[in-house]
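Welcome to my notebook. I opened this structure to look up its pockets, its sheet, a helix pair and its cavities, and I kept the entries short.

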Amino acid sequence: MAAVPHGFNEVGIVGTGAMGQGIAQMSAQAGAIVHLFDVSTGAAQAAHANLLAMWAKLQAKGKITPEQATSFATHVVVATDIESLASCDLVIEAIVERLDVKQQLFVQLEGIVDSQCVLVTNTSSLAITSVAAALSRPERFAGYHFFNPVPLMRVVEVIAGLKTNAGVCARLSNFTSAMGHIPVQAQDTPGFIVNHAGRGYGTEALRIVSESVADFCTIDRILRDQMGFRLGPFELMDLTALDVSHPVMESVYNQYYQEPRYRPSVITAQRLAGGVLGKKVGAGFYAYEGNVPNGAVITPPEPPVPNVRNMPPVWVSPKAARRPELYQLLKDLGADIETGQTPSEQALIVVAPLGLDVTTLAAVERLDATRVIGIDMMLSDASVKRRVLATNPATRDDMRDAAHALFATDGKAVSVIRDSGGFVTQRVVAVVVNIAADMCQQGICSPQDLDVAVHLGLGYPLGPLAMGDAIGPTNVLEILFNLQTVYGDPRYRPSPWLRRRGALGLSLTHLESRS
């Protein structure tokens, strides 16, 4: 057989569930002979049949040629026993997430394969160095983390353990490219890149709920419509299921010795204990109707826009962030804008805090809190599909309703939430950016690989660092500093990597000089 460019002529797959099958498919399509092995009777045979059926279906749809379908099919064989993997250049493990079981497997494989064979684990949560600790040659061992479904999720994390030879990771990266996927290089740290960078999105949303700022659905709507996330955090947790997502939260938090940035929530712990896991059981943060696990989500209706007959004049705080754009927005909405140094006794008072809460601004500026409403102006109004307003504990109902009606005049959706430092989008995005910045500070991966991995692996509208650039690093810093002031929580302390770039006005995706 002719050698393939990536150097892996024969690949063994141990564990032939959905993940193993996906890796086998891409390996065969990259030109390698793939040996399927599973300890469960009939599992490898079933995986083989599934792969043949899948290629036949792709051929029928015209997505691959008959010649390709035949070629791919001849590249996959079922291993009768684990000793049949002796000729492999690469063995990829995709079995249960238990350290002892994985170690036993790789010790066994070391006694079977050639000394030059590369051994890798597809683990998503275990330390690569810990798995390799049982091996006599840990330098040929690495992490090779695919995402499900493998053919569609194009990013692959290549993780070096403490003793992994750099050449091993280079070969794995080449193999990934031959599959048509994108390799990203990561150091062996909890969560690697994607699961680490994704910690802030769900945990910060849970903190917002725990403060009774807004309900699950409102938070999802805000993050989808303001920042362009494909799924809100609670939709995402319902899809992945809490028996998957909550243990990952706890694992990363504990592996980092209770670092506050990764702190989990009692909300998901309680719901996990109660079996309210998400869509697959028909009950999660949302209710579902129809057959489990394919029931249709039941989404609460949007609160109606109040009918306000006599709209009060509007006075904008001189310290309101992005005040020129806010004035233009009010003009476009037909508001009666007061321009005096102080508001009249009838005026609706509008502030636009960045990281602070409405209460703090009202107190510092000595405003009549009963008439004060905050609006989130972190992003350009033209770029968002939803405006977000926040009351404070003293805000009168008539002022809340007037603000809601005014900012919905042009038909754009409006959410009114309770007071919160940084509203919803500001604080969630700032936490996401800060965690990504600290990953760069730790040298877990390059900034470029981080953004690619998170954009492709989590489906974020932008990578976290590009997201920070879109908002402005100095704005992200201000939000974090102010969140620390409001909550007194070290969770919000800015990473030194972010502070330095914000102070110098540098882009977060700026390539740092090494000269």
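**Ground rules.** I take helices (H or I, at least four residues) and strands (E, at least two) as DSSP runs, numbered from the N terminus. This is a predicted model, where local features need pLDDT of at least 70 and side-chain atom pairs count only at pLDDT 80 or more, while totals for chains, interfaces and linings use all residues. Residues are numbered from 1 along each chain as its sequence is written, and side-chain values use heavy atoms, with hydrogens and water left out.

**Largest pocket.** I work on a 1 Å grid over the protein atoms alone: a pocket is an open set of points with protein on both sides within 12 Å along at least five of seven lines, a cavity is a set where a 1.4 Å probe fits but cannot get out, and lining residues have an atom within 4 Å of a point. Points are joined across faces, edges and corners, and a volume is the space filled by probe spheres set on them. The largest pocket came out at about 1,400 Å³. I found 46 residues in its lining, with Phe147, Asn148, Asn195, Thr240 and Val244 nearest the centre. Helices that each supply at least two lining residues include H1 (18-29), H8 (199-210) and H17 (447-458). Which helix gives the largest share of this lining? I noted H10, with 5 residues. I sorted residues by class (Ala, Val, Leu, Ile, Met, Phe, Trp, Tyr, Cys and Pro nonpolar; Asp, Glu, Lys and Arg charged; the others, Gly among them, polar). The largest pocket's lining has 23 nonpolar, 17 polar and 6 charged residues.

**Second largest pocket.** I read a volume of about 300 Å³ here. Its lining has 19 residues, and Asp215, Thr218, Pro303, Val416 and Ile417 are nearest the centre. Helix H9 (216-227), helix H15 (397-407) and strand E16 (413-417) give two or more residues each. The largest share, 4 residues, belongs to E16.

**The sheet.** Next I traced an open sheet of 8 strands, in the order E3-E2-E1-E4-E5-E6-E7-E8, with mixed pairing; two strands pair if DSSP finds at least two bridges between them. Its edges are E3 (76-78) and E8 (182-187), each paired on one side only. Inside the sheet, E4 (residues 90-93) and E5 (residues 118-121) run parallel and are joined by 4 bridges. I picked out one bridge: Ile92 has Val120 of E5 as its partner.

**A helix pair.** I then looked at H16 (residues 425-442) and H20 (residues 496-504), whose axes come within 7 Å and cross at roughly 100 degrees. Axes are lines fitted to C-alpha atoms, for helices over the stretch in contact, and angles run from 0 to 180 degrees between N-to-C directions. H16 and H20 are therefore roughly perpendicular (65 to 115 degrees; under 35 is roughly parallel, over 145 roughly antiparallel, the rest oblique). Contact means heavy atoms within 4.5 Å, and residues making it include Asn434 and Ala437 of H16 and Trp497 and Arg500 of H20.

**Cavities.** I counted 2 cavities of 30 Å³ or more. The largest holds about 60 Å³ of space, and residues lining it include Gln226, Met377 and Arg386. The second largest holds about 50 Å³. Its lining includes Ser124, Asn195 and Gln255, with the largest share, 4 residues, from H11. I sorted that lining into 2 nonpolar, 6 polar and no charged residues.
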